[in-house]
Structures are given as C-alpha cells and as structure tokens.
Amino acid sequence: DVENPERTTPAKRAIIAEVANNALASFVIIMASLRRSARLNRYRRNPRLNKRMPNFEVKMGFGLHVGWAIEGAIGSEFKVDASYLSPNVNLSARLEAATKQFGVPLLISEEFVRIC
C-alpha cells in the first residue's frame with residue numbers, strides 16, 4: 001500500500017520503489033530526447049520561426065506523485081479514452097501546472113520522494 005508503507009511487505013515496497021524510480025528515469029530520458037531531437041533542433045534554427053518566436057524552445061513539465069486512482073473508459077463506440085480519477089491524480093496535475101509558475105521541468109511530491 002503506497003499510502004501506508006509500514007503495512008506493506010518489503011517485497012511489495014521494493015516493487016513500488018522500482019516503479020517510482022522508473023517514472024523518474026522516464027522523465028530523464030524524455031528530457032534528454034527533447035534536447036537531442038534533430039527535428040526540434042531544425043525548428044530552433046529555422047529563421048522564419050525565430051523571427052516570429054525568438055528563442056523558440058519546446059518545454060515540458062512533469063508532476064510526480066504517488067497514490068491510488070480509478071481508471072475508467074470514457075467515450076463512444078467510435079472513440080474511447082482512458083480517464084484517471086483520484087485526489088492523487090489531481091495533485092500530480094497541480095504539480096505539473098506549477099512547473100510553469102516556478103520555471104522548472106519537474107516537481108515531485110514528498111510522498112513520491114519517500115518511496116524512492
């Protein structure tokens with residue numbers, strides 16, 4: 001149980017920590033890929049784009065939190081999307097939104113740090 005790690009077996013805690021560490025590693029891989037992208041570098045060097053948007057840069061923000069969520073399918077017979085609902089998902093979304101306010105690419109909750 002992520003919210004009550006003291007009630008969880010050591011094996012399960014190790015699995016949860018591995019998932020959290022993989023999420024953090026994914027962030028690093030995505031950011032490195034953005035920096036190395038040949039296509040994005042071409043856009044950055046495009047004179048017409050630089051004239052309209054000087055210092056063009058693709059920025060992404062990530063909010064990492066941990067906790068329970070409910071997954072549900074939303075849509076019609078032609079298109080179905082997944083939706084995730086819980087206060088934990090909401091907190092992660094708020095952390096992601098706050099990355100713009102603080103000018104950083106990543107914000108991590110205390111709960112996430114604790115399980116890593």
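Here is a short chat about a predicted model, one helix, loop and residue at a time.

User: Let's start with α1. How many Å does helix α1 reach from its first C-alpha to its last?

Analyst: Helix α1 covers residues 10–36 and has 27 residues. At 1.5 Å a residue, the expected span is 39 Å. The model comes close to that, with a reach of 38 Å.

User: Which elements are included in what covers the buried residues of α1?

Analyst: The buried residues in question are Ile16, Ala17, Ala20, Phe27, Met31 and Leu34. Their cover includes two helices and two strands, namely α2, β1, β4 and α5.

User: Let me pick Ala17 from that list. Is Ala17 buried or exposed?

Analyst: Ala17 is found in helix α1. To be called buried, a residue needs under 20% relative accessible area. Ala17 has 15%, so it counts as buried.

User: How far apart are the C-alpha atoms of Ala17 and Phe112?

Analyst: Along the chain, Ala17 and Phe112 are 95 residues apart. In space, their C-alpha atoms are separated by 9.0 Å.

User: Now for α4. What distance separates the end C-alpha atoms of helix α4?

Analyst: Helix α4 runs over residues 87–102, which makes 16 residues. At 1.5 Å a residue, it should span 22 Å. The model agrees, because the end C-alpha atoms are 22 Å apart.

User: Within what arc do the buried residues of α4 fall?

Analyst: The buried residues in α4 are Asn88, Ser92, Leu95, Ala98 and Thr99. Looking down the axis of α4, you'd see them lining one face of the helix, because they fall within an arc of 120°.

User: What do those buried residues of α4 pack against?

Analyst: First, the other side: the face of α4 turned away from the buried one carries the exposed residues Pro87, Arg94, Lys100 and Gln101. The buried residues, in turn, pack against two strands, β1 and β4.

User: Lys100 is on that exposed face. Which residue forms a salt bridge with Lys100?

Analyst: Lys100 counts as exposed because its relative accessibility is 60%. Its partner also lies in helix α4, four residues away, or about one turn of the helix. With the closest N and O atoms 2.9 Å apart, the partner is Glu96.

User: Why would four places along a helix suit a pair like that?

Analyst: An α-helix has 3.6 residues a turn, so residues three or four places apart point the same way. In α4, the pair that sits four residues apart is Glu96 and Lys100.

User: Where do Arg114 and Glu110 both lie?

Analyst: Arg114 and Glu110 form a salt bridge, with the closest N and O atoms 3.4 Å apart. Arg114 and Glu110 are each exposed. They are four residues apart, about one turn, in helix α5.

User: And Arg35 with Glu57: how many residues apart in sequence are the parts that this pair ties together?

Analyst: The side chains of Arg35 and Glu57 meet in a salt bridge at 3.0 Å, N to O. Arg35 counts as exposed at 52% relative accessibility, while Glu57 is partly exposed at 37%. Arg35 lies in helix α1 and Glu57 in the loop between α3 and β1, so the parts tied together are 22 residues apart.

User: Which residues does Arg44 touch, leaving out those up to four places away in sequence?

Analyst: Arg44 is found in helix α2. With a relative accessibility of 22%, Arg44 counts as partly exposed. Its contacts are Leu34, Arg35, Asn50 and Phe56.

User: What is the phi of Asn55?

Analyst: Asn55 lies in the loop between α3 and β1. Asn55 is exposed, with a relative accessible area of 71%. Although it is not a glycine, its phi is positive, at about 60°.

User: Last one. How much accessible area do Trp68, Ile70 and Leu85 have together?

Analyst: Trp68 is found in the loop between β1 and β2, and it counts as partly exposed at 43% relative accessibility. Together with Ile70 and Leu85, Trp68 forms a nonpolar patch on the surface, and their combined accessible area is about 340 Å².

Key. Residues are numbered from 1 along each chain as its sequence is written. This is a predicted model: local features need pLDDT of at least 70, side-chain atom pairs count only at pLDDT 80 or more; totals for chains, interfaces and linings use all residues. Side-chain values use heavy atoms; hydrogens and water are left out. Patches are made of residues with over 30% relative accessible area and no salt bridge: like charges are joined within 9 Å, nonpolar side chains (Val, Leu, Ile, Met, Phe, Trp, Tyr) within 5 Å. Accessible areas come from the Shrake-Rupley method with a 1.4 Å probe; for residues, only the protein chains shown count as cover. A salt bridge is a side-chain nitrogen of Lys or Arg within 4 Å of a carboxyl oxygen of Asp or Glu. Buried means under 20% relative accessible area, exposed over 50%, partly exposed in between (1.4 Å probe, protein chains only). The expected span of a helix is 1.5 Å times one less than its number of residues. The arc is that of the directions from the helix axis to the C-beta atoms. Contact means heavy atoms within 4.5 Å.
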